[in-house]
Amino acid sequence: MADQLISTAVHHELPESYVRPETQRPRLHEVVSDAQIPVVDLADPDLAAVVARIGEACTTHGFFQVLNHGVPVELMHAMLAVAYDFFSLSAEEKAKLYSDDPAKKMRLSTSFNVRKETVHNWRDYLRLHCHPLEQYVPDWPANPPSFREVVSAYCREVRELGFRLYAAISASLGLEEEYVKKTLGEQEQHMAVNFYPKCPAPELTYGLPAHTDPNALTILLMDQQVAGLQVLKDGRWIAVNPRPNALVINIGDQLQALSNGRYKSVWHRAVVNSDRPRMSVASFLCPCNDVLIGPAVKLVSEETPAVYRDYTYAEYYGKFWSRNLDQEHCLELFRT
């Protein structure tokens, strides 16, 4: 099965199974290349201004970039470097880790859900569970030799950043700072190390088609040399251009529900490149499976009734994985 990985060979033609129907292609010439994604400097001493900027970004874009976020720059570089080293391993080495079972806690796979999709995506990825680290690290790849050490350190830093952002997001909604963290329970943490090889026909396929994230918060480390992330804003796709040493934050479906629809888990996608491969590392903070999620009571009133019913994250995640990635927003299934 591991021969399905696209990172094990150089491709001069796009295989038919990756070609999107004409109506579903990315139309790259229509993408807004110079739009400004909100940027928040977390080192700004005016904390109220930081909270306000985060709240505005969550309302208008569902995405923002953070600077001076506390994750060491050298660790970010090491994370990307070890990710490239991993995907440079031999086909035989990678074959040992391959699985198309989405229930596996650690797997190397391709596309999104190769068991059920009809058109594949130009992506290989390593999926890792990251919390608690001592439980999962022993099952992580032992090659490259520095993989476990570097990725563990990165996971710890990103988790702390996520909780700082939760506090700011809570405050921006007028809730107590601990609200989001307490409500979502003991946070699970996952990581997807995404590798998008050079593609012979980027205009015919996707790295990942339009989707929203089913979790609460995503922290994305982007390749500084190659853009590929695009966000839907006012009906148009806009490119998210990498800023030096920044991390990209996006609101997941659970924060849209918790904010009673005020904050947006927006559609985003990954496109591919004919000249260069691209790497991204997405870290996901996820609620406990059995925690009950719904609009914060303080945000519900006669003027702003509850948009979503209460549900468990296990119920939500099950529905998300039972569908195609680019179907309607999964939250639509939970509207009151």
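Contact here means heavy atoms within 4.5 Å. By that yardstick, aspartate 253 touches Thr212, Asp213, Pro214, Asn215, Ser265, Tyr316, His329, Cys330 and Leu331, leaving aside residues up to four places away in sequence. Welcome to a short tour of this predicted model. Its main landmarks are an open sheet of eight strands, an open sheet of four strands and a nonpolar core of 106 residues.

**Aspartate 253 and its surroundings**

- Aspartate 253 belongs to helix H7, which covers residues 253-258.
- With a relative accessibility of 0%, aspartate 253 counts as buried, because the cut-off for that class is under 20%.
- The side chain of aspartate 253 also has a polar contact with the side chain of serine 265, at 2.6 Å.

**The eight-stranded sheet**

- The strand order is S1-S2-S10-S7-S12-S5-S4-S3, and the pairing is mixed.
- Strands S1 (39-41) and S3 (106-110) form the edges; each has a single partner strand, so one side of each has no neighbour in the sheet.
- On average, and ignoring direction, neighbouring strands of this sheet are turned by 25° against each other.
- Strand S5 (residues 188-196) pairs with strand S12 (residues 278-286) through nine bridges in the antiparallel sense, and glutamate 188 sits opposite cysteine 286 of S12.
- S5 also pairs with S4, again antiparallel, over six bridges; here tyrosine 125 has asparagine 194 in S5 as its bridge partner.
- S3 and S4 run antiparallel and are joined by five bridges, with threonine 110 standing opposite aspartate 124 in S4.
- Helix H1 (residues 47-60) lies across S1, strand S2 (63-67) and strand S10 (247-251), and runs at about 160° to S1.

**Strand S4, a covered strand**

- Six of the six residues of strand S4 (residues 124-129) are buried, so the strand is largely enclosed by the rest of the structure.
- In a regular strand, side chains alternate between the two faces of the sheet.
- For S4 both faces are covered, with Asp124, Leu126 and Leu128 buried on one side and Tyr125, Arg127 and His129 buried on the other.

**The nonpolar core**

- The largest nonpolar core contains 106 residues, and Ile54, Trp140, Tyr154 and Met191 have the most contacts inside it.
- Helix H5 (residues 147-172) makes the greatest contribution to this core, with twelve residues.
- In soluble globular proteins, nonpolar side chains tend to be buried together.
- Methionine 191 touches residues that include Leu126, Arg127 and Leu128, and also Val281, Ala282, Ser283 and Phe284, not counting residues up to four places away in sequence.
- Tyr154 is itself among the residues that methionine 191 touches, as are Val151 and Cys155.

**The four-stranded sheet**

- This open sheet has the order S6-S11-S8-S9 with antiparallel pairing.
- Its edges are strand S6 (208-211) and strand S9 (236-239), each with a single partner strand, so one side of each is left without a neighbour in the sheet.
- Neighbouring strands here are turned by 20° against each other on average, direction ignored.
- S6 and strand S11 (residues 268-270) run antiparallel and are joined by two bridges; leucine 208 has alanine 270 in S11 as its bridge partner.

**The annotated domain**

- UniProt, in an unreviewed entry, lists residues 187-287 for "domain: Fe2OG dioxygenase".
- In the model, the end C-alpha atoms of residues 187-287 are 5 Å apart, and the span is 6% helix and 45% strand.

**Two residues outside the strands and helices**

- Histidine 12 lies in the segment before S1.
- Its relative accessibility is 71%, and histidine 12 therefore counts as exposed, the cut-off being over 50%.
- Histidine 12 and proline 200 are 188 residues apart in sequence, while their C-alpha atoms are 5.7 Å apart in space.
- Asparagine 68 is placed in the loop between S2 and helix H2 (73-87).
- The C-alpha atom of asparagine 68 is 5.7 Å from that of alanine 43, and the two residues are 25 residues apart along the chain.
- Asparagine 68 touches Asp41, Leu42, Ala43 and Arg164, not counting residues up to four places away in sequence.
- A polar contact of 2.9 Å links the side chain of asparagine 68 to the side chain of aspartate 41.

Conventions. Residues numbered from 1 in each chain as written. Predicted model: local features only at pLDDT ≥ 70, side-chain atom pairs only at ≥ 80, totals over all residues. Heavy atoms only, no water. Core = buried A, V, L, I, M, F, W, Y, C linked by side-chain atoms within 4.5 Å. Buried < 20%, exposed > 50% of the residue type's maximum accessible area, 1.4 Å probe, protein only. Pairing = 2+ DSSP bridges. Axes fitted to C-alpha atoms, helices over the stretch in contact; angles between N-to-C directions. UniProt positions renumbered as here; feature names shortened; annotations may be inferred. Polar contact = N/O pair within 3.5 Å; in protein donor to acceptor, adjacent residues only side chain to side chain.
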